[in-house]
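Here is a small set of exercises to work through with the model open beside you. Try each task before you read its solution.

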Amino acid sequence: MIRDLCVSKILNVYQNDTLTWRRSEPRERNRNGLVLFTDGEIEYSFPNQSIVASAGSVMLFPPNVPYRGVARTHRVAYCVLDFQTLSENEICDFGAPCIAKLKGFDQVYRDFSNIISVWEQQKMDAVIQIKAFLYSALALVMENDERDIANQESNEILTYVLDHYTD
């Protein structure tokens, strides 16, 4: 399946490093987010699923979906890129919320750090650079998602064959 996404606006870029993190009451974000986890582990609970985000992973966060969460480690650190899309449900159609472990995490982290720096300096080309980074990161998430779907399908086929090979 081919998916497309049109980022219309970059809203905020920041990083957080904290010793405690908890969101006990369900809360909705009013924006899309791409979150790169650099240290620790957080368990998020959405209406239809739970996701554990750990260092080296990236999560695509949809807007207007209630979530709760709790740090599973003492310290957590992450970088966030908040954005809007042309259509309100576009990111959900894209498969969010979802999480992916990234190959080449060190490079993605350096890129994200550069994006934070560009954002803070308010350079004229900041939005273009940030959108380029965001699209690149989304491509990595999709690549990982497609591999997971292919692996899941392969495992289902193998399980069926093993269960029914004597039929």
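**Exercise 1: One threonine and its surroundings**

Thr85 is found in strand E8. The model is a predicted one, so treat each value below as computed from predicted coordinates.

*Task.* Decide whether Thr85 is buried or exposed, and find which backbone oxygen lies 2.7 Å from a polar atom of its side chain.

*Solution.*
- Step 1: Take the relative accessible area of Thr85, which is 11%. Buried means under 20%, so Thr85 is buried.
- Step 2: Look for a partner of the side chain. A polar atom of the Thr85 side chain lies 2.7 Å from the backbone oxygen of Ser87.
- Step 3: Collect the neighbours, leaving out residues up to four places away in sequence. Thr85 then touches Leu5, Cys6, Val7, Ser8, Asn32, Glu90 and Ile91.

**Exercise 2: The overall layout**

*Task.* Work out how many helices and strands the protein has, and in what order the elements run from the N terminus.

*Solution.*
- Step 1: Count the elements: there are 3 helices and 9 strands.
- Step 2: Read them off from the N terminus, which gives β-β-β-β-β-β-β-β-α-β-α-α.
- Step 3: Add the burial figure: 39% of the 167 residues count as buried.
- Step 4: Check how far apart in sequence the contacts reach. Among contacts between residues at least 6 apart, 80% join residues at least 24 apart.

**Exercise 3: Salt bridges across the chain**

*Task.* Find how many salt bridges there are, and say which parts of the chain are tied together by Asp82 and Arg31.

*Solution.*
- Step 1: Recall the idea behind the search: side chains of opposite charge can pair when their charged atoms come close. With a cut-off of 4 Å between nitrogen and oxygen, the count comes to 5 salt bridges.
- Step 2: Start with Asp82 and Arg31, whose closest N and O atoms are 3.7 Å apart. Asp82 lies in strand E8 and Arg31 in the loop between strands E2 and E3, so the pair ties together parts that are 51 residues apart in sequence. Asp82 is buried at 3% relative accessibility, whereas Arg31 is partly exposed at 25%.
- Step 3: Go on to Arg75 and Asp39, whose side chains meet in a salt bridge at 1.9 Å, N to O. This pair links the loop between strands E7 and E8, where Arg75 sits, to strand E3, which holds Asp39, and the two residues are 36 apart. Both partners count as partly exposed: Arg75 at 33% and Asp39 at 26%.
- Step 4: Turn to Arg72 and Glu41, with closest N and O atoms 3.5 Å apart. Arg72 is in the loop between E7 and E8 and Glu41 in strand E4, 31 residues away in sequence. Arg72 is partly exposed at 46%, and Glu41 is partly exposed at 24%.
- Step 5: Look for shared partners. Salt bridges of this kind join Asp17, Asp39 and Arg75 into one network.

**Exercise 4: Enclosed and open space**

*Task.* Say which residues line the largest cavity, and how the lining of the largest pocket divides into nonpolar, polar and charged residues.

*Solution.*
- Step 1: Rolling a probe the size of a water molecule over the atoms shows where empty space is left. The search finds 1 cavity of 30 Å³ or more, and the largest cavity holds about 30 Å³.
- Step 2: List its lining: Leu34, Leu36, Val58, Leu102, Val108, Phe112, Phe133, Ala137 and Leu140. Strand E3 and helices H2 and H3 each give two or more residues, and H3 supplies the largest share, 3 residues.
- Step 3: Sort the cavity lining by type, which yields 9 nonpolar, no polar and no charged residues.
- Step 4: Move to the largest pocket, with about 250 Å³ of space. Of its 14 lining residues, Tyr14, Arg23, Arg27, Arg29 and Tyr67 are the closest to the centre.
- Step 5: Strands E2 and E8 each supply at least two residues of the pocket lining. By type, the pocket lining divides into 8 nonpolar, 1 polar and 5 charged.

**Exercise 5: A backbone angle to check**

*Task.* Find what is notable about the phi of Asn64, and where Asn64 is placed.

*Solution.*
- Step 1: Most residues other than glycine have a negative phi. Asn64 is not a glycine, yet its phi is positive, at about 60°.
- Step 2: Place Asn64 in the chain: it is in the loop between strands E6 and E7.
- Step 3: Check its accessibility: at 35%, Asn64 is partly exposed.

Definitions and conventions
Residues numbered from 1 in each chain as written. Predicted model: local features only at pLDDT ≥ 70, side-chain atom pairs only at ≥ 80, totals over all residues. Heavy atoms only, no water. Helix = DSSP H or I, 4+ residues; strand = E, 2+ residues; numbered from the N terminus. Buried < 20%, exposed > 50% of the residue type's maximum accessible area, 1.4 Å probe, protein only. 1 Å grid on protein atoms, 1.4 Å probe; cavity = no way out; pocket = protein on both sides within 12 Å on 5 of 7 lines; lining within 4 Å. Points joined across faces, edges and corners; volume = space filled by probe spheres on them. Nonpolar A, V, L, I, M, F, W, Y, C, P; charged D, E, K, R; others polar. Polar contact = N/O pair within 3.5 Å; in protein donor to acceptor, adjacent residues only side chain to side chain. Contact = heavy atoms within 4.5 Å.
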